[in-house]
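Open the model in your viewer and keep the sequence panel beside it. The stops below say what to select and what is there.

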Amino acid sequence: IHTIEPVDTQPRTVMTDWRLFQVRLPNGSRTRHLVGRADDEGRVCSSLVHLDLQALRMRTQSGRIYELAGPPGGDEDSDYVFGIWLRAVGAIHCLDLTRALMQLRTLHESRRRS
């Protein structure tokens, strides 16, 4: 587990084998985070602040843009990193929103075509 390149050095990155989670923190706030593979290792992104459903591109609180490549999935390394991250932030609850995101994207695309 380590810190990643600063946003000004790496403003964009591609994430594969990704999933989207909502996490409830000890102060009661809820944040959303991508978990997946970026730069050939497991990663948990900072809190998400913007979502582009059409392009599957997300911007984090730190300003980094994550471009989601391929279908959602899972990965042992990212699961490991996420587990450590959850304990480090003292998460109270964690909800996988990946399926809901993909359903919302499908709905968005079908409405756009209509």
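Two strands count as paired when DSSP finds at least two bridges between them. The model is a predicted one, and the tour begins with its strand pairs.

**Stop 1: strands 4 and 5**

Select residues 48-52, which are strand 4, together with strand 5. The two run antiparallel and are joined by four bridges. Show the backbone of H50 and look across to strand 5, where R59 is its bridge partner. Next, select the turn of this hairpin: four residues separate strand 4 from strand 5. L56 lies in that turn and has a positive phi of about 50°.

**Stop 2: strands 5 and 6**

Keep strand 5 on display and add residues 65-68, strand 6. This pair is also antiparallel, with three bridges. R57 can be picked as a landmark, since E67 of strand 6 stands opposite this arginine. A hairpin links strand 5 to strand 6, again with four residues in between. In its turn, select G63, whose phi is positive at about 100°.

**Stop 3: the two faces of strand 5**

Show side chains for residues 57-60. In a regular strand, side chains alternate between the two faces of the sheet. Which residues of strand 5 are on the covered face, and which on the uncovered one? M58 and T60 make up the covered face, whereas R57 and R59 are on the uncovered face.

**Stop 4: the second largest pocket**

From M58, move to the second largest pocket, which has this methionine in its lining. Select L20, R32, L48, H50, L51, M58, L97, A100, L101 and L104 to display the lining. The pocket holds about 180 Å³ of space. Strand 4 and helix 2 (98-113) each contribute at least two of the lining residues. By type, the lining has eight nonpolar residues, one polar and one charged.

**Stop 5: the largest pocket**

Now centre the view on H2, I4, R43, V44 and V81, the residues of the lining that lie nearest the centre of the largest pocket. In total, 20 residues line this pocket, and the space in it comes to about 380 Å³. Strand 3 (41-44) and helix 1 each supply at least two residues of the lining. Which element gives the largest share of the lining? Helix 1 does, with six residues. The lining divides into 11 nonpolar, five polar and four charged residues.

**Stop 6: S78 in helix 1**

Stay with helix 1, residues 76-89, and select S78. Is S78 buried or exposed? Its relative accessibility is 1%, so S78 counts as buried. Leaving aside residues up to four places away in sequence, S78 touches V35, G36, G42 and R43. R43 was already on screen at the previous stop, among the residues nearest the centre of the largest pocket.

**Stop 7: the cysteines**

Finish by selecting C45 and C94. How many disulfides does a search of the whole structure find? The search finds zero. The closest cysteine sulfur to that of C45 is in C94, 13 Å away, which is too far for a bond; a disulfide would need the two sulfur atoms within 2.5 Å. The surroundings of each can be checked with a surface display. C45 is buried, as its relative accessible area is 2%, while C94, at 31%, is partly exposed.

Methods: Residues are numbered from 1 along each chain as its sequence is written. This is a predicted model: local features need pLDDT of at least 70, side-chain atom pairs count only at pLDDT 80 or more; totals for chains, interfaces and linings use all residues. Side-chain values use heavy atoms; hydrogens and water are left out. Buried means under 20% relative accessible area, exposed over 50%, partly exposed in between (1.4 Å probe, protein chains only). Contact means heavy atoms within 4.5 Å. On a 1 Å grid over the protein atoms alone, a cavity is a set of points where a 1.4 Å probe fits but cannot get out, and a pocket is an open set with protein on both sides within 12 Å along at least five of seven lines; lining residues have an atom within 4 Å of a point. Grid points are joined across faces, edges and corners, and a volume is the space filled by probe spheres set on the points. Ala, Val, Leu, Ile, Met, Phe, Trp, Tyr, Cys and Pro count as nonpolar, Asp, Glu, Lys and Arg as charged, and the others, Gly among them, as polar.
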